[in-house]
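Here is a short set of exercises to work through with the model open beside you. Try each task on your own, then compare your steps with the solution.

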Amino acid sequence: MAEALQFDAALLDKYDTRGPRYTSYPAAPQFRPMAEEEYRLLVRAQREHTSDPLSVYVHVPFCRTVCYYCGCNKVVTANYRRAEDYLEVLVQELALQSSLFGLRPQVDQLHFGGGTPTYLKDAELSRLMRALDTALALEPGEAREFSIEIDPRTTDAARIHHLAGLGFNRLSIGVQDFDPAVQQATNRIQSIDQTTEVIDAARQAGFRSINLDLIYGLPLQTRERFAQTLETVIGLRPDRLAVYSYAHLPDRFKVQRQIRAEDLPSAAEKLALLAMTIERLTEAGYVYIGMDHFALPDDELAVALREGTLQRNFQGYATGAGRDLLALGVSAIGRIGPAFAQNHRDVGHWAAEVSLGRIPVAQGLVLDDEDLLRGEIIQALMCGRRLDVRDIEQRYAIEFARHFAPELERLLPLADDGLVAVASDTIEVSDRGRLLLRPIAMAFDAYLHAARSPTEPRYSRVI
Ligand code: SF4
């Protein structure tokens, strides 16, 4: 598939504002306190009229050491007892939650994220999978999409085979940068050999998709150094690559204060890193999916992009239609019909709720019609890069130009800059706009532009 990405540094600089990543709309800062009873009623109401398979997300927050760039909700500890205790509570939460969803609901998408899921030892991972398989009907066949984020520093070939035996068939591997100086400056020492070992083992074990995560904009990164990392990564030939922009927010994430601001690449150098990354990956045959994501042309994400079935969810881009997402573990966010629900973000609080026999939900949001409408528009622009205005008018019984007059006004300068083409019956993201999906989507975000938001959330920068 020919790539038509256009890199225009001045344009990217101009639109490098802060904004949500739209893994959900409304974005998580808009969530409000949600009572457990409200959550129970939501699940009951939703599952009364659907028996569609569920997606399940399991959060394992533990890490052995801290990476200085980290902005995740994690627990850094060498005390494995804490993970064992966590697992006990997780299994209890699973029993509480699954009972709401009916008798052994079918699950064909499962994702373990963190933190570091491979912080758990093989025996605990087996126990967790057994508990999941007891409470839920895990899809045994090829149709299953069971993925796990792994840290090659806590995983070897034997563990990969164990994970395959548990049913996992997709891996996501954190790399960030192979350069020793960058690894030193970010406190994440991970050799090429360690990473190669797990990738080779995953291929032998029959994993269907392997994703590598990289980050650009890290301390001491230069084009020369990052070019070497890119060549190594291209040589490893993962099916997917996520290349994230490092967001330096030391006021919000204390651990980032370990990074010396003077070691960070300048804004111009960071843009040059991005340009080089896009150039090398597309030259190497990767398709740009959107917002940080690349995939080989035969990977399911690239196929979904071509077929117009690409979706966006809490893991980034995904295939298939949106379905109910049961989220387990501290801080995990689920989606039940037209509502989002997030568990307590603090392990103690989360565990205390479960021990009292309560679903540990803390906050969430029941989407109103306007949220659903805007969420659909943002999804269409970020995934398919095209909005069918007439279809939206019909299904939501609105007159688009009147309903979205301020939004269309906001799009005018973006249209003048050639990022979008706005016509009476379509809005299309141009090749110039493909790297700026976030600012385009932001035009339709009611919470960013109205007094609906009582506090000003701090989002990461677009680039
Ligand atoms: S980046 Fe990942 S492995 Fe590193 S501290 Fe954060 S959650 Fe843990």
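**Exercise 1. Which residues are around the ligand?**

Before you start, note that this is a predicted model, in which local features need pLDDT of at least 70 and side-chain atom pairs count only at pLDDT 80 or more, while totals for chains, interfaces and linings use all residues. Residues are numbered from 1 along each chain as its sequence is written, and side-chain values use heavy atoms, with hydrogens and water left out.

Step 1. Apply the cut-off: a residue is near a molecule if one of its heavy atoms lies within 4 Å of it.
Step 2. Collect the residues around the ligand: Cys63, Thr65, Val66, Cys67, Tyr69, Cys70, Gly115, Thr116 and Arg188.
Step 3. Sort them, counting Ala, Val, Leu, Ile, Met, Phe, Trp, Tyr, Cys and Pro as nonpolar, Asp, Glu, Lys and Arg as charged, and the others, Gly among them, as polar. The shell then has 5 nonpolar, 3 polar and 1 charged residues.

**Exercise 2. Find the cis peptide bonds that lead into proline 26 and glycine 115, and place both residues.**

Step 1. Go to tyrosine 25 and proline 26: their peptide bond is cis, with omega near -5 degrees. Proline 26 sits in the loop between helix H1 (9-14) and strand E1 (32-33). Here helices (H or I, at least four residues) and strands (E, at least two) are DSSP runs, numbered from the N terminus.
Step 2. Move on to glycine 114 and glycine 115, which are also joined by a cis peptide bond, with omega about 15 degrees. Glycine 115 belongs to the loop between E5 and helix H4 (122-135). You have met Gly115 before, among the residues around the ligand.

**Exercise 3. Trace how strand E7 pairs with E5 and E8.**

Step 1. Recall the rule: two strands pair if DSSP finds at least two bridges between them.
Step 2. Start with E5 (residues 106-114) and E7 (residues 145-150), which run parallel and are joined by 4 bridges. Histidine 111 has serine 147 in E7 as its bridge partner.
Step 3. Continue from E7 to E8 (residues 170-176), again parallel with 4 bridges. Glutamate 149 stands opposite serine 172 in E8.
Step 4. Look at glutamine 176, which is in strand E8. Glutamine 176 has a positive phi of about 75 degrees, although it is not a glycine.

**Exercise 4. In which sense do strands E16 and E17 pair, parallel or antiparallel?**

Step 1. Locate E16 (residues 333-336) and E17 (residues 339-343): they pair in the antiparallel sense over 4 bridges.
Step 2. Match isoleucine 336 with its bridge partner in E17, alanine 339.
Step 3. Inspect the turn: E16 and E17 form a hairpin with 2 residues between them, and glycine 337 in the turn has a positive phi of about 55 degrees.

**Exercise 5. Describe how domain 1 and domain 2 meet.**

Step 1. Mark the domains, whose bounds come from an automatic or database domain assignment: domain 1 is 29-327 and domain 2 is 368-456 + 459-463.
Step 2. Count the contact (heavy atoms within 4.5 Å): 19 residues come from domain 1 and 15 residues from domain 2.
Step 3. Take the buried area, meaning the accessible area (1.4 Å probe) that two parts lose on being put together, summed over both. The two domains bury about 1,500 Å² between them, 60% of it on carbon and sulfur atoms.
Step 4. Name the main contributors: Gln30, Tyr288 and Met291 supply 35% of the area that domain 1 buries against domain 2, more than any other three residues.
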